[in-house]
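Please open the model in your viewer and keep the selection panel at hand. The stops below follow one another, and each says what to select and what to look for there.

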Amino acid sequence: MEGLLLIGWIIVKIIAIVLVLLLSVAYITFMERKVISYMQSRIGPNRIGPLGLLQPIADVIKLLNKEVIFPKASNRYLFVIAPIISLGTALAAWAVIPFDKTAVLADINAGVLFVLALSSLGVYGILIAGWASNSKYAMFGALRAAAQSISYEIAMGFALVGVMMAAGSLNLQTIVKAQSGGFLHWYWLPLLPLFIVYWISGIAETNRAPFDLAEGESELVAGFHVEYSGAMFALFFLAEYANMVLISALISVMFFGGWLSPFQGVPYLEAFFAFVPGIVWLLIKLSFFLFCYLWFRATFPRYRYDQVMRLGWKVLLPVTIVWIGVVAMAVHFNISPWFAEV
Amino acid sequence: MGNIPEIRNYTFNFGPQHPAAHGVLRLILEVDGETIVRADPHVGLLHRATEKLAESKPYNHTIGYMDRLDYVSMMCNEHGYVLAIEKLLGIAPPVRAQYIRVMFDEITRILNHLLWLGAHGLDIGAMTMFLYAFREREDLLDCYEAVSGTRMHATYYRPGGVYRDLPAQMPQYKVSKWHNEKQVVEMNENRQGSLLDFIWDFTQRFPKRIDEYESLLTENRIWKQRTVGIGVIGPEQAIAMGLTGPMLRGSGVEWDLRKKQPYEVYDQLDFAIPVGATGDCYDRYLVRIEEMRQSNHLIRQCVRWLRDNPGPVMTDNRKVAPPTRLHMKEDMEAMIHHFKLMSEGYCLPEGEAYAAIEHPKGEFGVYLVSDGANKPYRLKIRAAGFPHMAALETLIKGHMISDVVAVLSSLDIVFGEIDR
């Protein structure tokens with residue numbers, strides 16, 4: 001009986017996280033359109049609902065009402081499975097993200113590994129979609145996406161190795177707690193090169209501009225999901241944005257102290273902001289990185305396929321390897337305040 | 001050995017329905033991995049038989065078709081056609097009309113280059129450029145509208161001058177469902193004076209806008225990685241392939257019909273011809289950016305001259321240009337002229353003429369053969385974009401798929417003109 005209750009409670013928590021996540025994804029699309037509009041000196045959606053706030057709802061209804069077209073020469077099963085894999089992995093990774101001191105769905109010790117594993121699995125969604133569509137454009141998109149995601153996962157993984165070494169743990173909650181002590185104690189400062197590498201790889205990993213060559217509008221039309229329509233396209237869309245939020249959350253957790261207050265250790269301000277729950281700080285940090293995603297999209301031209309590869313292997317990877325050595329030395333000699341012996 | 005599969009190159013269709021095909025280009029690409037082995041452009045999907053249509057209509061009726069050739073540099077197309085007719089007739093428009101034509105040619109050049117810049121940016125992924133370019137185009141299209149009544153297909157140039165003089169009052173926005181009084185006052189701020197005042201105001205802020213574009217792109221590392229050394233063509237080969245305009249100047253050949261074979265009043269105006277060094281996409285980009293600055297400078301000179309020198313804008317040769325309506329009501333001869341011109345049109349002397357102008361895309365030429373009738377015996381249009389299109393394969397061979405998009409948009413092609 002008690003076991004059943006526990007499972008029920010976990011399911012309630014999962015539903016809560018997924019619902020909030022999907023709703024926020026819907027409004028991130030709205031935010032994206034608005035933010036980019038103002039950057040491009042136009043207004044953006046403002047017709048549906050007050051200030052256009054119902055626009056994402058209208059989009060969802062539109063997509064759900066559209067026919068799902070299966071190309072005749074496609075592989076039907078894989079064609080259906082691909083978007084499910086994409087969205088499933090994007091959502092599952094949220095299980096280990098700590099929202100607050102105690103609020104985390106699964107406080108497991110291999111949290112970082114879990115996230116890495118799921119983000120690697122996400123590539124299968126793209127690969128299978130591209131292959132199952134039996135379309136040349138989709139195939140190109142899938143190949144590019146696969147090569148890109150795999151290359152950047154290595155740089156990303158190495159950047160995380162630095163974090164693990166600094167915190168001495170794979171548990172995301174422990175990593176957050178290891179950063180306590182204020183703004184300058186967060187890992188962005190001692191691990192600055194790793195933070196930047198992780199950020200860039202994160203953008204590449206989610207196939208967003210300027211690394212959006214897997215779906216490069218002007219080259220491959222829509223890349224791997226060119227043959228998808230209606231609800232199945234919506235799944236890919238959701239997965240892409242859920243991944244964006246995930247990467248932003250991970251950057252906040254691993255380099256910006258997660259739910260920790262930035263005013264820790266600052267006299268007066270710390271006490272003044274003590275009432276703010278940790279999740280608010282996390283959301284503020286997360287929103288900033290999300291905003292940067294949109295900002296980059298409005299500013300940068302798109303990289304070419306080989307240039308992305310070159311950046312990943314010849315620039316980001318060596319940087320991470322060198323800095324891991326530096327971190328190793330710093331940890332070994334207990335350089336304070338970041339790596340002081342506990 | 002029978003089990004080893006035969007490895008073949010991948011062939012696929014790029015267009016005619018593709019976001020970067022610039023209209024209706026169908027490009028058959030053969031790729032080895034991501035590297036282009038062969039590119040075979042198929043043209044003709046937008047063929048509208050403009051040249052044939054012209055053979056069955058009085059001369060003036062075809063001016064409107066010229067707008068629809070290269071639909072982003074409308075008045076320049078008209079200019080080429082009108083010049084050919086004038087050459088055969090042996091008439092010259094009044095000086096004021098020549099200045100107006102030069103001014104609108106340069107406005108058109110900016111219009112064209114802005115659209116090109118926007119599309120080029122969009123194709124390489126810098127989508128914000130597109131909307132910035134359209135913001136400025138809006139003002140220039142308003143100039144088109146003020147002078148001809150329509151924003152694109154103006155039909156403003158006529159043999160013997162231009163259709164009418166520049167309006168003394170710039171049209172203004174009115175309060176509507178979408179714009180309240182306060183917004184309208186703001187929007188009309190630079191529309192208080194004449195059209196020339198409005199253009200002057202534009203030329204004052206436009207150089208700053210170009211600086212903004214440049215700050216977004218010129219030194220951007222991704223932009224440079226995508227364009228430097230891509231689609232290189234040397235000066236000899238560029239000449240041999242018949243490239244003109246910015247395509248040729250990007251390769252370092254200083255060739256500009258406005259300087260080399262001056263028409264209208266270009267020989268009295270001050271401007272420079274920008275040239276590139278290597279002939280890659282980046283140089284062509286720089287050349288076009290500088291051309292916009294030069295055009296801006298030319299427009300300012302024209303506005304200054306036009307402000308000080310009022311006068312007729314149409315020839316008084318009544319065998320070519322109709323009389324004014326007022327005149328027509330009182331004068332029998334004017335009435336007859338009007339009737340003849342509106343029904344039959346005018347006849348060109350037997351012979352042939354070729355007139356070329358420096359169109360924003362290159363040399364736009366019109367070759368006219370007349371048998372003495374009121375319509376051409378044959379009209380041949382030399383579209384600037386056609387040789388550029390033909391050079392595509394040379395330019396992209398060995399590059400990657402993403403570069404096709406960059407090179408294609410740096411050619412600045414419009415299918416209305418290529419397919420005719």
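In this predicted model, begin in chain B by selecting strands 6, 7 and 8, which make up an open sheet of 3 strands in the order 6-7-8 with antiparallel pairing. The edges of the sheet are strand 6, residues 351-359, and strand 8, residues 378-382, each of which pairs on one side only. If you compare the directions of neighbouring strands, leaving aside which way they run, they are turned by 10° against each other on average.

Next, add helix 3 of chain B, residues 74-89, which packs on this sheet and touches strand 6, strand 7 and strand 8, while its direction makes about 150° with that of strand 6.

Now return to strand 6 of chain B and follow it into strand 7, since these two form a hairpin with 2 residues between them. They run antiparallel and are joined by 9 bridges, and one place to look is B:Ala355, which stands opposite B:Val366 of strand 7.

Stay with strand 7 of chain B, residues 362-370, and turn to its pairing with strand 8, which is antiparallel and extends over 5 bridges. Here B:Val366 has B:Ile381 of strand 8 as its bridge partner, and B:Gly365 has B:Arg382 of strand 8.

As a last stop, colour strand 7 of chain B by accessibility: is this strand mostly covered or mostly open? It is mostly covered, with 8 of its 9 residues buried.

Conventions:
Residues are numbered from 1 along each chain as its sequence is written. Chains are lettered from A and ligands numbered from 1 in the order in which they are written. This is a predicted model: local features need pLDDT of at least 70, side-chain atom pairs count only at pLDDT 80 or more; totals for chains, interfaces and linings use all residues. Side-chain values use heavy atoms; hydrogens and water are left out. Two strands pair if DSSP finds at least two bridges between them. Helices (H or I, at least four residues) and strands (E, at least two) are DSSP runs, numbered from the N terminus. Axes are lines fitted to C-alpha atoms, for helices over the stretch in contact, and angles run from 0 to 180 degrees between N-to-C directions. Contact means heavy atoms within 4.5 Å. Buried means under 20% relative accessible area, exposed over 50%, partly exposed in between (1.4 Å probe, protein chains only).
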